[in-house]
Amino acid sequence: MSKEIEQIIKDQIGNWVVNHTQVCFISDDTLEIATSEKDSLGETIYCFIQKSNDVYRIGDDSRTLFKIDPSASDEELYAMTEEVAKAAGFDFDYNTGEIWKEVSRANVIATIMKLTQLVVAVSYLG
């Protein structure tokens, strides 16, 4: 294939993601991103971005585990999620069930994409 076809495919993938991603301003420092991805339940994966100075905190707002285990009673699920999250370079709050990571502005998009993939994986644990 030619470089031209390669660029057309990349452009169309990028356009598809843009057209299937929603951004909602929650407050002056917080965004909610409805990604183009679905979890094991077929539901949209959300990421939240909170800016503080030059640091961006990107997390799932505890939604992933709440959907799988609303009573927060499955200790094995929480332990597995913590292990998978940390292996993927994210932090995990065992008390709230939130998966998150703090990054610089340059790493926001890559972190959203990685968090989305992580949430898909975790959703299959339940």
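Visitor: In this predicted model, are Tyr78 and Phe92 buried or exposed?

Guide: Both Tyr78 and Phe92 are buried.

Visitor: Why is Phe92 called buried?

Guide: The relative accessible area of Phe92 is 9%. Buried means under 20%, so Phe92 is classed as buried.

Visitor: What makes Tyr94 partly exposed?

Guide: Tyr94 has a relative accessible area of 36%. Buried requires a value under 20% and exposed a value over 50%; Tyr94 therefore falls in between and is partly exposed.

Visitor: How many aromatic pairs does the structure hold?

Guide: The structure holds 3 aromatic pairs. One of them joins Tyr78 and Phe92, with 6.1 Å from centre to centre and 70 degrees between the planes.

Visitor: Why is the pair of Tyr78 and Phe92 called edge-to-face?

Guide: Ring centres must lie within 6.5 Å to pair, and planes over 60 degrees apart count as edge-to-face. With 6.1 Å and 70 degrees, Tyr78 and Phe92 therefore meet both conditions. This pair links distant parts of the chain, since Tyr78 belongs to helix H3 (residues 75-87) and Phe92 to strand S5 (residues 91-93), 14 residues apart.

Visitor: What makes the pair of Phe92 and Tyr94 edge-to-face?

Guide: The centres of these two rings are 6.1 Å apart and the planes stand at 85 degrees. As the angle is over 60 degrees, the pair is edge-to-face. Ring pairs thus link Tyr78, Phe92 and Tyr94 into a cluster.

Visitor: How do you know that the charged end of Arg63 sits over the ring of Tyr46?

Guide: The charged end of Arg63 is 4.9 Å from the centre of the Tyr46 ring, and the distance limit is within 6 Å, together with a position within 35 degrees of the ring normal. Lys101 likewise has its charged end over a ring, that of Phe90, 5.5 Å from the centre.

Visitor: In what order do the strands of the sheet run?

Guide: The 6 strands form an open sheet in the order S1-S2-S3-S4-S6-S5, with antiparallel pairing. Strand S1 (22-27) and S5 each have a single partner strand, so one side of each lacks a neighbour in the sheet.

Visitor: How do you know that strands S3 and S4 pair?

Guide: At least two bridges are needed, and strand S3 (residues 44-52) shares 5 bridges with strand S4 (residues 55-59), in the antiparallel sense. The bridge partner of Phe48 in S4 is Gly59.

Visitor: Why is Thr116 called buried?

Guide: Thr116 has a relative accessible area of 5%, which is under 20%, so Thr116 is buried. Thr116 is found in helix H4 (residues 108-123).

Terms used
Residues are numbered from 1 along each chain as its sequence is written. This is a predicted model: local features need pLDDT of at least 70, side-chain atom pairs count only at pLDDT 80 or more; totals for chains, interfaces and linings use all residues. Side-chain values use heavy atoms; hydrogens and water are left out. Helices (H or I, at least four residues) and strands (E, at least two) are DSSP runs, numbered from the N terminus. Buried means under 20% relative accessible area, exposed over 50%, partly exposed in between (1.4 Å probe, protein chains only). Rings of Phe, Tyr and Trp (its six-membered ring) pair if their centres lie within 6.5 Å; planes under 30 degrees apart count as stacked, over 60 as edge-to-face and the rest as tilted.
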